[in-house]
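Thanks, everyone. I have one structure today, and I will keep to its ligand sites.

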Amino acid sequence: MSKERLRIALAGNPNSGKTTLFNALTGAHHKVGNYPGVTVEKLEGVMSRGGRQYHLIDLPGIYSLTAYSIDEVVARDFILDEKPDIIVDVLDSTNLERNLYLCLQFQELGVPVIGALNMTDEAEAKGIKINEKTLSASLGIPMVKTVSTKGVGMDALLDCIDALHDGDLQETAHTITYGMEIESKLEGLQQLISADAAFVKKYPGRWLAVKLLEKDADAYARLKEHTRAREIEAFAKDAALWLDKHFGKDAEIVVSEQRYGYIHGAVQESFQIIKKPNFSFTEAIDRIIMNRFLALPLFALIMWALFQLTFAIGEYPMGWLETFFGFLSDLLLNTMPDTFFRSLLVDGIIGGVGGVLSFVPLIVLLFFFLSILEDVGYMARAAFATDKLLHVFGLHGQSVFSMLLGFGCSVPAIMASRTLKSQRDRIITVLITPLMSCGAKLPVHIVFAAAFFPENAANMVILTYACGVVLSLIAALVLRNTALRGDPTPFVMELPPYRAPTIQGVLWHVWEKTWRYIKKAGTVILSVSIVVWIITSFPAYEVSPEEEGAFAATYLESNPDADEEAVAAYVEVSSGQLAVEHSFAGLMGHFVAPIFKPMGFDWKLATASIIGIAAKEVVVSTLGILYRVGSEEDEESEALRSALATDSHMNPLIAFAFMLFTLVVPPCFAALATIKAELGWKWLGFEYVFLLALGGILATLVYQVGMLVA
Ligand code: GDP
Ligand code: MG
């Protein structure tokens, strides 16, 4: 006997704990966050128990079956078009009446539905007691209490799913009635709809009739499949008009009032507030954090502290890794004969991949702090706090999710824009997201800031991040006044309560993102490093004794008391660089260098910029190879930094221009593919040209103006 497989959709309001429940059931580790709009695409997973398989589908949050944003459309279309066997409506028990609104619509749709009374722990802490038996009986919907974060109630939920599917539940079919006037119109509509048997099989007549009276655009679109669509449409429009007049308000409002009235009645009977807590932790904190005058400065302070902390702590493990890679290359240099193979290992692989891997601790910390902010519930507050300011620039409070996530990685950040209801707000948000400095750009900033601004390295990096934010605001303002005219839609979102982050969840996501970074280092960056090593090593160039002598002379000129060893080290590095200059990479670099000259970049920076088109991480690894730092026996192990700092072609101004250039130019292929998927080729093309031009112009301006001033 093949296993029976039940398709179960997890649906419900945003932030009610659907993904947490999904993870608890399937053992998956999908992204959870304490703000609405974390899941923007449906997620699937399979689990089995007894002889049964459960195919679970975690959907983005919705408030009703009328959808506005793309994530909501994903959820609605799944439920309407793919008809799951059972819907588990995950309900936030602390906010039951509003959550049940959606539940009733599922019931009306005729799909078997179970209510998971989730977050009962929070409800109990608030002194709310729910009698799930009474609630089930009065609504005709089975209810199960759960605490998904602790896995409480999972077996009971599965038992209930089995029972409902096997017909073991004594269901009392309840339906909400909307009052005489509406019911009579519904009846007329239902009669007309029932004329097309095939259609009614797909969409229950009563459900569609209600939706038509609610003037739901999607319902009208679906009606087109009906053989008598025109007639029904005319009838429905007439009826809605009549109801509008009769009640003196819109028919859809009357319908929703009836639903809320019905829910209120049912909840009254099964709901008990034992004691009203006189102190709310969330309210107390919000009085400070969300204070009208403090909210924005606090937001700025929190972001600044986040980066300072990342750099301050990250410096140590980063140093250890650098020492380790330095030790590794010394070991190879001392034990292996001087062959091309040794150079490939030391200069190509350790210099390239090792250079990128050294930044893992920083990436870990950055993702860790961002994850905590998300889980605690600060993201939603940040969106609120900055909403007014963002409106000035034609952005939307919700854009903050994308912008903050963009500090980690552009790909999920761009996806997060799906929760925006207005297409224009969404396009603008996607287009500015790559200006947020992502984790892959961080190594470039760090290396250049540490080499050229040793006193203020962390602040320089933060300044670069801030430049990205300011540029994004200006870009939004420009777009809003040109290609994407129109006002941003008002911002409505509920603030979730503060919650302690689940350690497991945070660690898992940090690990997942870090692993992706490491994997990239092991694949893309490794292959690019090998290619770069090849084009920098061939054709092989023999440095002549005269040239070596010249290097030694230059070095002694500026360091008259240098010992022999230091001179030899300098000569070796300079000879290596001279050889690179005569290689294919050098030829190519010199060929393209004129384009980069207005920005002050020499052929090495030009080469790194071009190779960095695929992914920003390879900028640092390429520079590492170009400077031949892998073979430099540097005790300090900050090889690339000191090589850059002593390069006569470089100075702090060029370094800053290069940091800005890296920040702004088009993001990696993965991010570009996401933009293409979200907005299409046309906007992708626009974005590419726009970012390339902006990056070039900005770096040129900084360098040229800086030269004038200096
Ligand atoms: P979704 O938007 O419905 O997918 O919600 P998530 O699964 O992302 O969870 C939203 C937040 O609620 C997260 O911070 C979870 O840790 C938290 N959460 C989920 N279920 C429970 C629960 O039963 N009790 C408590 N206290 N928190 C929960
Ligand atoms: Mg979710």
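I will go through the shell around ligand 1, then the metal site. Keep in mind that this is a predicted model.

Start with ligand 1. There are 17 residues around ligand 1, and the closest are Gly17, Lys18, Thr19, Thr20 and Asp121. Sorted by class, that shell holds 10 polar, four charged and three nonpolar residues.

Next, the polar contacts from side chains. In Thr19, a side-chain N or O atom sits 2.8 Å from an oxygen atom of ligand 1. Arg499 also reaches an oxygen atom of ligand 1, with a polar side-chain atom at 3.3 Å. For Glu122, the partner is a nitrogen atom of the ligand, 3.4 Å from a polar side-chain atom.

How much of ligand 1's accessible area does the protein cover? On its own the ligand has 590 Å², and 94% of that is covered by the protein. Two elements each give two or more residues to the shell: helix H1, residues 18–26, and helix H4, residues 120–125. H1 provides the largest share, three residues.

Now ligand 2, the magnesium ion. Its protein donors are OG1 of Thr19 and OG1 of Thr39, at 2.0 to 2.1 Å. Thr19 belongs to helix H1, while Thr39 is in the loop between H1 and strand E2, residues 43–49, so this pair ties together parts that lie 20 residues apart in sequence.

Are these two donors buried or exposed? Thr19 has a relative accessible area of 8%, so Thr19 is buried. Thr39 is at 13%, which means Thr39 is buried as well.

To close, Thr19 has a side-chain contact with ligand 1 and is a donor to the magnesium ion.

Technical notes
Residues numbered from 1 in each chain as written. Chains lettered and ligands numbered in written order. Predicted model: local features only at pLDDT ≥ 70, side-chain atom pairs only at ≥ 80, totals over all residues. Heavy atoms only, no water. Near = heavy atom within 4 Å. Polar contact = N/O pair within 3.5 Å; in protein donor to acceptor, adjacent residues only side chain to side chain. Areas by Shrake-Rupley, 256 points an atom, 1.4 Å probe, with all protein chains shown as cover. Helix = DSSP H or I, 4+ residues; strand = E, 2+ residues; numbered from the N terminus. Nonpolar A, V, L, I, M, F, W, Y, C, P; charged D, E, K, R; others polar. Donors = N, O, S within 2.8 Å, 3.2 Å for Na, K, Ca; no water. Buried < 20%, exposed > 50% of the residue type's maximum accessible area, 1.4 Å probe, protein only.
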